[in-house]
Amino acid sequence: VVCRDGCIKAVGQADVIRNQFSGATFERIIDCSGKCVLPGLVDAHTHPVWAGDRVHEFAMKLAGASYMEIHQAGGGIHFTVEHTRKATEEELFNTFKHRLERMRRSGSTLVECKSGYGLNLETELKMLRVIERAKQSMDIGISSTYCGAHSVPKGKTATEATDDIINNHLPKLKELKLSGEIHVNNIDVFCEKGVFDLDSTRRILQAGKDIGLQINFHGDELHPMKSAELGAELGAQAISHLEEVSDEGITAMARAKCAAVLLPTTAYILRLKQPQARKMLEEGVIVALGSDFNPNAYCFSMPMVMHLACVNMKMSMNEALAAATINAAYALGKSDTHGSIETGKQGDLVIINSSRWEHLIYQFGGHEALIDYVIIKGKVVYQNERCGTMSSY
């Protein structure tokens, strides 16, 4: 039962609920006989605001080019930056809106959304305004992330870029937050060899924390950087990627209750070493999942991410579901309101046309016919027109 305020009023056996609410009237009743009701999925890591897709680079990757080789050849992040700088705010908003709608149809009800394809103050703010506009106008939860340190801008050194972010970008974000124009939740840095080193990363993350942002950053992806140790020390809410995390880093994250946001799509597409999900889980790390939707990993679907996590990272289906709901909500600092079906939490739900919830993971790529309803704050935001007319089996 979800109340008018969008929060869950009651959860329980059907006959108990019927008795408890026998005198109540409902705007809508959905018959879920033979179906499963799950918490809305949470995508803990996406880059959904950009212009200039990189479909041509997929062919280069298939031919054996590495991420850094493409980057050095003028592709990668810098290709998208060039196109995003030229795009108008309206163009960016329209493509972003369609991407969010596709995520929503795949069961995502809360999505972390990063800037990071501007690398200059003007374009980063343009991207953050687009994210803010979607926050205000769309029925989907958004956690916004400033990722101005996604790459070192052309013509600058990493130190110069770090100084620019600390002295110009972050004070402007603080000013816009105080005026109520833009509300950013997290700060992100791509801590990587040849991008931002450990010292630059520390400086930017600390400066972000000082203006009230949660630390949630890219670390230990292509090279072991001791990012996990740094994140644990700084009190990071979450660290993403971690394909090259050290044993000490895993222990430090477990102790600090810093979530690991694992991205099975990236490891799959770039043919990287898979993140050590099993070791992290065994050591008590809070493991979350994200799609890493971006021009390099074009995936909207958390059900497909969960499937890849199970097959390639050896997670169980229960672990994958927790990682895509309550743990992903924790990675965004929202597990008190999102990520599970509990009284008092936000009424974000996915109803699937199967008597076994595991079909959401088992049917690789089958979620489009399987998801019947997506509900956010008790409101049906997506209803499959084939609802109830087909079997999932």
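Mentor: A residue is called buried under 20% relative accessible area and exposed over 50%, with partly exposed in between. The model is predicted.

Trainee: Why is Lys97 called partly exposed?
Mentor: The relative accessibility of Lys97 is 31%. That value falls between 20% and 50%, so Lys97 counts as partly exposed.

Trainee: What makes Lys97 and Glu101 a salt bridge?
Mentor: Their side chains come to 3.9 Å, N to O. The cut-off is 4 Å between a side-chain nitrogen of Lys or Arg and a carboxyl oxygen of Asp or Glu, so the pair qualifies. In general, side chains of opposite charge can pair when their charged atoms come close.

Trainee: Why are Lys97 and Glu101 about one helical turn apart?
Mentor: Both are in helix α5, and they are four residues apart, so about one turn separates them.

Trainee: What is the arrangement of Lys86 and Glu82 in helix α4?
Mentor: The two are four residues apart in α4, about one turn of the helix. Their side chains form a salt bridge at 3.9 Å, N to O, which is within the 4 Å limit.

Trainee: How do you know whether Lys86 is buried or exposed?
Mentor: Lys86 has 65% relative accessibility. That is over 50%, so Lys86 counts as exposed. Glu82 has a relative accessible area of 40%, so this partner is partly exposed.

Trainee: What makes Asp139 and Lys379 a salt bridge?
Mentor: Their closest N and O atoms are 2.9 Å apart, and the rule asks for within 4 Å.

Trainee: Which parts of the chain does that pair of Asp139 and Lys379 link?
Mentor: Asp139 is in the loop between α6 and β4, whereas Lys379 is in strand β12 (residues 379–383). The two are 240 residues apart, so the pair counts as a link between distant parts of the chain. Asp139 is partly exposed at 34% relative accessible area, and Lys379 is partly exposed at 45%.

Trainee: Which residues are joined into one network by salt bridges that share partners?
Mentor: Glu112, Lys114 and Asp188 are joined in this way. Over the whole structure, the search finds 21 salt bridges.

Trainee: What charged residue is buried yet has no salt bridge?
Mentor: Glu192 is that case. The nearest side chain of opposite charge is Lys193, 7.6 Å away; the limit is 4 Å, so no salt bridge is counted. Glu192 sits in the loop between β5 (186–191) and α8 (198–210). Leaving aside neighbours within four places in sequence, the residues in contact with Glu192 are Asp197, Glu221, Leu222, His223 and Met225.

Trainee: How do you know that the span of helix α6 agrees with its number of residues?
Mentor: Helix α6 covers residues 121–137, which is 17 residues, and at 1.5 Å a residue it should span 24 Å. The end C-alpha atoms of α6 are 24 Å apart, so the two values agree.

Trainee: Which residues of α6 are buried, and what covers them?
Mentor: The buried residues include Thr123, Leu125, Met127, Leu128, Val130 and Ile131, along with charged residues such as Glu124, Lys126 and Glu132. Among the elements that cover the buried residues of α6 are α4 (77–86), α5 (89–105), β3 (108–114), β4 (141–149) and α7 (158–178).

Trainee: How many disulfides does the structure hold?
Mentor: The number is zero. Cys258, for example, is in no disulfide, with the nearest cysteine sulfur, that of Cys191, 13 Å away; a disulfide needs sulfur atoms within 2.5 Å. Cys258 counts as buried, at 1% relative accessibility.

Trainee: Why is the sulfur of Cys299 too far for a bond?
Mentor: The closest cysteine sulfur, in Cys310, is 14 Å away. The limit is 2.5 Å, so no disulfide is counted. Cys299 has 13% relative accessibility, under 20%, and therefore counts as buried.

Trainee: What makes the phi of Leu119 worth noting?
Mentor: The phi of Leu119 is positive, about 60 degrees, although Leu119 is not a glycine. Most residues other than glycine have a negative phi. Leu119 is in the loop between β3 and α6, and with a relative accessible area of 4% it is buried.

Trainee: What is the phi of Arg271, and where is Arg271 placed?
Mentor: The phi of Arg271 is positive too, about 55 degrees, and Arg271 is in the loop between α11 (264–269) and α12 (277–282). At 59% relative accessibility, over the 50% cut-off, Arg271 counts as exposed.

Definitions and conventions: Residues are numbered from 1 along each chain as its sequence is written. This is a predicted model: local features need pLDDT of at least 70, side-chain atom pairs count only at pLDDT 80 or more; totals for chains, interfaces and linings use all residues. Side-chain values use heavy atoms; hydrogens and water are left out. The expected span of a helix is 1.5 Å times one less than its number of residues. Buried means under 20% relative accessible area, exposed over 50%, partly exposed in between (1.4 Å probe, protein chains only). Contact means heavy atoms within 4.5 Å.
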